[in-house]
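Dear colleague,

I am passing on the structure we discussed, with some notes on its backbone and on one of its helices. Please read the notes with the structure open beside you.

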Amino acid sequence: MNLPRHLYVHVPFCARRCAYCDFSIAVRANVPVDEYLRGVRAELAMRFASGDWELSTLYFGGGTPSRLGADGVARLMQLLRERVRLEPGAEVTLEANPEDVSVDAVRAWREAGITRVSLGVQSFDDAVLRWMHRVHDADAALRAVDAVRAAGIDDLSLDLIFALPEALRRRWPHDLERALSLAPTHVSLYGLTVEPHTPLARWRERGEAEEPPEERYEAEYLLAHRLLTAAGFDHYEVSNFGRPGRHARHNSAYWTGAAYAGVGPSAHEFDGLARRRWNVAPYAEWVRRLDQGRDPEAGQEELSEESRIAEQVYLGLRTSRGLQLAPGEADRVRPWVESGWGIVDANGRLELSARGWLRLDSLAQHLTILRSH
Ligand code: SF4
């Protein structure tokens, strides 16, 4: 593939598995930084032609990239800079968990080139955090926010989870107010879902946890929309809110169908046209293959015409940019507009509202079927 302007690097390490998490992670008390960096170096050398490679965004996701520590992140950045050039003003995001964040660590990350921190706060309620098996408590999250700012990074995103089981008595308005009081530039929301093979799925099987009713999911989502937009955030994607000028540029590239590269276990990439590929997910297998000089690819696919239509519809509808309607489609979506699920602007673009985003999957499916026949 041509060298894309967006690169995702997966850092799989976590201190332990959170109750709801089904991501590709490697639980390690001691992070094998040297081994991981050796793998990244080998994958870059093996899979990407040498030559000028300029990035406008670079994203370290996980797992918990902050578990590489101050020195590990700096070494990873140095290794990448041997291969890529960052354009002036490039966005370089590091996902971090509060327990890894100190002023010294963030200062080292900033000096290494990190421009943006995405902090896994999830809640400010200690009982909720314990239930989730998170390592940090609410005070650690507050200290982490202070540390990020004190070390000179002002582009700070907070992750929050909503729609938790009723029995936890989580005060969602309180968590939202608390998050707003910290003046982040960006907020990402995750509605809790029970994924197979997670501790949460086992708790549910044993009757020890239950998902909240749909009405509460909707009410919490709409409350977040109201409070955050009233505070000046753009609700620019179904799960993401950003201050004007602070929308996540890396993730926005995914949502516009741009080409991106991916390195690390389970990392995906897309050529911007129709081809996707992804790496093996288990960390040990990724390392083993690279040590043997083998490509860590687990699979690839060429999107069919129908999948491309589905993807184009879904990507358009999930963001506030909306989807350009084809002739005749405005009539078909009029009932949606009348139900308050979106608007069709003067140029014929359908933009879903927060109520519409609650039905994103079914609306996207409906339009895809219309377009495929
Ligand atoms: S810290 Fe994130 S990636 Fe790691 S187990 Fe928890 S939710 Fe999963």
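**Helix α12 and its surroundings**

The buried residues of α12 pack against three elements, namely β16 (342–344), β17 (349–352) and α14 (360–372). Please bear in mind that this is a predicted model. The residues of α12 (residues 329–338) that are buried are E329, V333 and W336, and because they cover an arc of only 20° around the axis, they lie on the same side of α12. This fits the general pattern that an α-helix has 3.6 residues a turn, so residues three or four places apart point the same way. Just after α12 comes G340, which takes a positive phi of about 85°.

**Backbone points to check**

Two residues other than glycine have a positive phi, and I describe each with its setting. In strand β6 (residues 116–122) there is Q122, whose phi is near 70°; Q122 is also buried, with a relative accessible area of 6%. The other is S266, with a positive phi of about 70°, and S266 is found in the loop between β11 (261–263) and β12 (268–270). At 17% relative accessibility, S266 counts as buried, because the cut-off for that term is under 20%.

Finally, there is a cis peptide bond from G62 to G63, with omega near 15°, and G63 belongs to the loop that runs between β4 (54–62) and α2 (69–81).

With best wishes

Methods: Residues numbered from 1 in each chain as written. Predicted model: local features only at pLDDT ≥ 70, side-chain atom pairs only at ≥ 80, totals over all residues. Heavy atoms only, no water. Buried < 20%, exposed > 50% of the residue type's maximum accessible area, 1.4 Å probe, protein only. Helix = DSSP H or I, 4+ residues; strand = E, 2+ residues; numbered from the N terminus. Arc of directions from axis to C-beta. Contact = heavy atoms within 4.5 Å.
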